[in-house]
Amino acid sequence: MTIKALILDFDGLLMDTETTLLESWRWEWRRHGLRLDPTGFFADHGGDANGARYSALEAAVGPAYDRASSHALRMAYRAELNAALTPAPGILGWLDRAAELGLRLAVASSSPSTHVGALLDQAGLRARFEVLATGEEVRAHKPDPAVYLLALERLGLPVDQAVAFEDTAHGAAAAHAAGLRCVAVPNPHADPARFTTADLVVRSAADLPLDALLARLGPGRAVCGERASAT
């Protein structure tokens, strides 16, 4: 069957914003003389999990904690980190080849459009994507398939003519629930063994040219190369 579009997640796939998120929280805990335990930091769902993170820090700091100030300072620090981000290794090669092949491109992210759009602009990538579908536009976040279904609706394509790209297990589950074939590129904080719903798992977008990757998609689940361990 003919593939006409690629639908890509944003955070952790196109740019490593997952690491800047974690580092901003480590910085904020250090600012209070504390150490963040990263165990369980990354939620098994898309969308904003920061409410629980602020509550955990508030419990550790005590009555002197000022959540509004904490949020403002952390966000300013994360903005500094994000300002240095560039597209993840291999991503530009995939996007360039997609353009050469005439494939349409979409983003399907649980993050808000203000976050996604600003960083796509920063990287000079926004014009490459015909469609942006983001978290504030749908009823539920990944692993719910709503944002993928929205991207497909805006592309005007049936599910068998698009392929999803994801960096988290819950994102791959969302793509699977939408009926999409899914290529997983686990981010540095994700366990590759958990991507049981992906059709293909690669360590990095730099590991396999887009043509070869698309040729490997088919019935069943293929895994390219060694599974990377989370770092």
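Let me begin with the contacts: among those in the protein with a separation of 6 or more, 64% are between residues 24 or more positions apart. I should say at once that this is a predicted model, and everything I describe is computed from it.

As for the overall form, the secondary structure comes to eight helices and seven strands, and the C-alpha atoms fill a box of roughly 60 × 35 × 30 Å when that box is taken along the principal axes. The radius of gyration is 18 Å, which agrees with the value near 17 Å that a compact globule of 231 residues would have. Of those 231 residues, 48% count as buried, while the surface that the protein exposes amounts to about 10,400 Å², with carbon and sulfur atoms supplying 53% of it. On the charges, there are 22 positive and 28 negative ones, and their mean positions are 2 Å apart.

Let me turn to helix 6, which spans residues 146–155. Is this helix enclosed or not, and why? Seven of its ten residues are buried, so helix 6 is largely enclosed by the rest of the structure. The buried residues are Ala146, Val147, Tyr148, Leu150, Ala151, Leu152 and Leu155, and what covers them includes strand 1 (5–8), strand 2 (104–108), strand 3 (131–133) and strand 4 (162–166), together with helix 7 (169–177).

The two ends of this helix also deserve a word. In the loop between strand 3 and helix 6 we find Pro143, and the peptide bond that leads from Lys142 to Pro143 is cis, with omega near 20°. After helix 6 comes Gly156, whose phi is positive, near 70°. As background to both points, most residues other than glycine have a negative phi, and most peptide bonds are trans.

Helix 7, which I have just mentioned as part of the cover of helix 6, has buried residues of its own, namely Ala169, His170, Gly171, Ala172, Ala174 and Ala175. Their cover includes helix 6 and strand 4, and also strand 5 (181–184). Helix 7, too, is followed by a glycine with a positive phi, in this case Gly179, where the angle is near 90°.

Moving to the aromatic residues, the structure holds four aromatic pairs. One of them is formed by Phe41 and Phe42, whose arrangement is edge-to-face, with 4.9 Å from centre to centre and 85° between the planes. Which of these two residues counts as buried, and which as partly exposed? Phe41 counts as buried because its relative accessibility is 8%, under the 20% cut-off, whereas Phe42, at 25% relative accessibility, counts as partly exposed.

Finally, I would like to look at Trp27, which has its place in helix 1 (residues 17–31). With 23% relative accessibility, Trp27 counts as partly exposed. Which residues does Trp27 contact, once its neighbours within four places in sequence are left aside? They are Leu73, Arg74 and Tyr77. For a sense of distance across the model, the C-alpha atoms of Trp27 and Ala190 are separated by 21 Å, and these two residues are 163 residues apart along the chain.

To draw the parts together, I would keep in mind helix 6, largely enclosed because seven of its ten residues are buried, and helix 7, which helps to cover the buried residues of helix 6 and whose buried residues have helix 6 as part of their own cover.

Note on methods. Residues numbered from 1 in each chain as written. Predicted model: local features only at pLDDT ≥ 70, side-chain atom pairs only at ≥ 80, totals over all residues. Heavy atoms only, no water. Helix = DSSP H or I, 4+ residues; strand = E, 2+ residues; numbered from the N terminus. Rg over C-alpha atoms; globule rule 2.2 N^0.38 Å. Buried < 20%, exposed > 50% of the residue type's maximum accessible area, 1.4 Å probe, protein only. Contact = heavy atoms within 4.5 Å. Areas by Shrake-Rupley, 256 points an atom, 1.4 Å probe, with all protein chains shown as cover. Lys, Arg positive; Asp, Glu negative; His and termini not counted. Charge placed at Lys NZ, Arg CZ, Asp CG, Glu CD. Phe/Tyr/Trp six-rings, centres within 6.5 Å; stacked < 30°, edge-to-face > 60°.
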